[in-house]
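Please work through the following exercises with the sequence and the model at hand. Each task is followed by a worked solution.

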Amino acid sequence: MSFSLLRAPARRAFLSTATPRAAFRSSYRRYTTSTPPPPPPPKSSNTGLFVGVGVASLAAGAFYYYYSIASPSGADAATTAKSAAQAVKVATGFVPTKEDYQKVYNRIAQVIDDAGEYDDGSFGPVLLRLAWHASGTYDKESNTGGSNYATMRFEPESLHGANNGLHIARQLMEQVKAEFPWISYGDLWTLAGVCAVQEMAGPHIPWRAGRIDGVVANATPDGRLPDASQGPDHLRNIFYRMGFNDQEIVALSGAHALGRCHRDRSGFEGPWTFAPTTVTNDFFKLLFNERWVWKKWDGPKQLEDKKTRSLMMLPTDYSLTQDKSFKKHAKAYADDQDLWFKDFSNVLTRLFELGVPEKQFVTQDHWILKTVDEQNEKTSS
């Protein structure tokens with residue numbers, strides 16, 4: 001029997017009684033990539049409620065089909081999606097609360113921690129990438145794209161080169177969606193991004209619900225996400241289009257402390273840091289503290305650290321040290337992790353809300369959802 005089959009249950013038992021999950025994860029590093037196992041079954045189920053919601057969802061689906069496809073004079077996609085979501089709530093009388101979203105968060109946290117041999121033992125980085133790419137398509141001039149309609153569910157957006165490999169994350173979230181069918185995909189995906197950051201020892205990310213599911217007509221064209229082979233001008237073109245400034249561009253780039261590139265997805269290969277499942281400012285520190293040289297291989301241009309040849313940086317990453325404005329912010333974050341945590345939290349909240357009308361949110365105030373460790377501490381105290 002493979003040891004990996006025993007490791008996840010043993011790790012969960014250990015974490016629940018001895019060591020905070022985040023601290024354990026930061027000391028447990030693996031450089032492996034394999035096909036992800038299916039998430040474990042839920043520990044408990046509100047079957048009666050969710051069956052009712054499921055039935056209502058079917059009714060909402062019929063509503064969507066008639067008014068957006070079958071009816072020649074149907075409402076536009078946004079109205080249709082909102083009406084379908086409202087139909088579910090009306091039919092079931094179920095209005096989710098913050099506590100309900102905390103339950104979804106907890107289920108996502110379980111999925112993150114049950115990755116087996118996949119990518120250093122965590123699904124966190126790929127779930128954060130899903131939330132990022134679902135939100136980063138926003139265009140402030142046309143007010144299109146963003147997280148509101150979760151349009152990566154549809155082709156051709158799901159097949160855009162920048163989204164290669166994200167079918168893994170979407171499939172993982174389908175398991176959670178089946179357990180909590182009342183949550184929209186946009187809320188589910190961005191909540192997964194929040195959960196990923198927080199469960200990997202990062203800062204709290206203020207979040208609120210209210211995104212609705214759109215239709216294929218809402219899908220965005222290719223080319224709205226960053227091309228890692230480019231330089232600072234390209235980064236500005238992409239991020240200014242969303243409404244971000246230089247400091248916010250650099251703050252968001254720090255997410256490359258997590259995860260790795262895959263040859264069969266982006267063409268690039270390797271992790272950025274030695275702890276790719278822990279949120280730290282190591283991305284910035286390594287940019288300045290290591291000597292980076294161009295990798296000699298048959299793949300696209302990328303850099304590797306001269307000392308160990310085991311880390312990588314993308315051309316867009318390296319440009320943060322070459323552009324005067326970017327470099328100022330990157331150096332500040334390399335010197336002060338607390339500063340980066342603060343700025344990263346603020347800008348990630350903004351990113352996840354791009355394209356969502358303010359009136360759609362269920363509350364004006366943002367929620368701070370508790371990590372699994374925080375909930376366990378409260379229970380034991």
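The exercises below concern a predicted model and treat its largest pocket, two helix pairs and two backbone features.

**Exercise 1. Describe the largest pocket and determine where it lies with respect to the domains.**

Step 1. Begin with the volume: the largest pocket holds about 1,000 Å³ of space. Its lining is made up of 49 residues, and those closest to the centre are R129, H133, A162, H256 and L314.

Step 2. Assign the lining to secondary structure. At least two lining residues come from each of α6 (124–135), α9 (232–242), α10 (246–253), β1 (260–261) and α12 (315–322). The largest share belongs to α6, which provides six residues.

Step 3. Classify the lining by residue type. The division is 21 nonpolar, 18 polar and ten charged residues.

Step 4. Compare the lining with the domain bounds. Residues of domain 1 (76–225 + 350–379) and of domain 2 (232–344) both take part in the lining, so the pocket lies between the two domains.

**Exercise 2. Classify the packing of α8 against α14.**

Step 1. Two packed helices are described by the angle between their axes and by the distance between the axes.

Step 2. For α8 (residues 185–199) and α14 (residues 337–352), the axes come within 10 Å and cross at roughly 165°.

Step 3. Angles over 145 degrees count as roughly antiparallel. Helices α8 and α14 are therefore roughly antiparallel to each other.

Step 4. Add the handedness: the crossing of α8 past α14 is right-handed.

**Exercise 3. Apply the procedure to α10 and α13.**

Step 1. The axes of α10 and α13 (residues 324–335) come within 9 Å, with a crossing angle of roughly 50°.

Step 2. Angles under 35 degrees count as roughly parallel and those from 65 to 115 as roughly perpendicular. The angle of roughly 50° fits neither class, and α10 and α13 are therefore oblique to each other.

Step 3. As for handedness, α10 passes α13 in a right-handed crossing. Helix α10 also supplies at least two residues of the lining of the largest pocket.

**Exercise 4. Locate a cis peptide bond and a positive phi in a residue other than glycine.**

Step 1. Inspect omega: the peptide bond between E155 and P156 is cis, with omega about 5°. P156 is placed in the loop between α6 and α7 (167–179).

Step 2. Inspect phi: A201, a residue other than glycine, has a positive phi near 75°. A201 is located in the loop between α8 and α9.

Methods. Residues numbered from 1 in each chain as written. Predicted model: local features only at pLDDT ≥ 70, side-chain atom pairs only at ≥ 80, totals over all residues. Heavy atoms only, no water. 1 Å grid on protein atoms, 1.4 Å probe; cavity = no way out; pocket = protein on both sides within 12 Å on 5 of 7 lines; lining within 4 Å. Points joined across faces, edges and corners; volume = space filled by probe spheres on them. Helix = DSSP H or I, 4+ residues; strand = E, 2+ residues; numbered from the N terminus. Nonpolar A, V, L, I, M, F, W, Y, C, P; charged D, E, K, R; others polar. Domains from an automatic or database assignment. Axes fitted to C-alpha atoms, helices over the stretch in contact; angles between N-to-C directions. Left-handed = near helix turned anticlockwise from the far one by under 90°.
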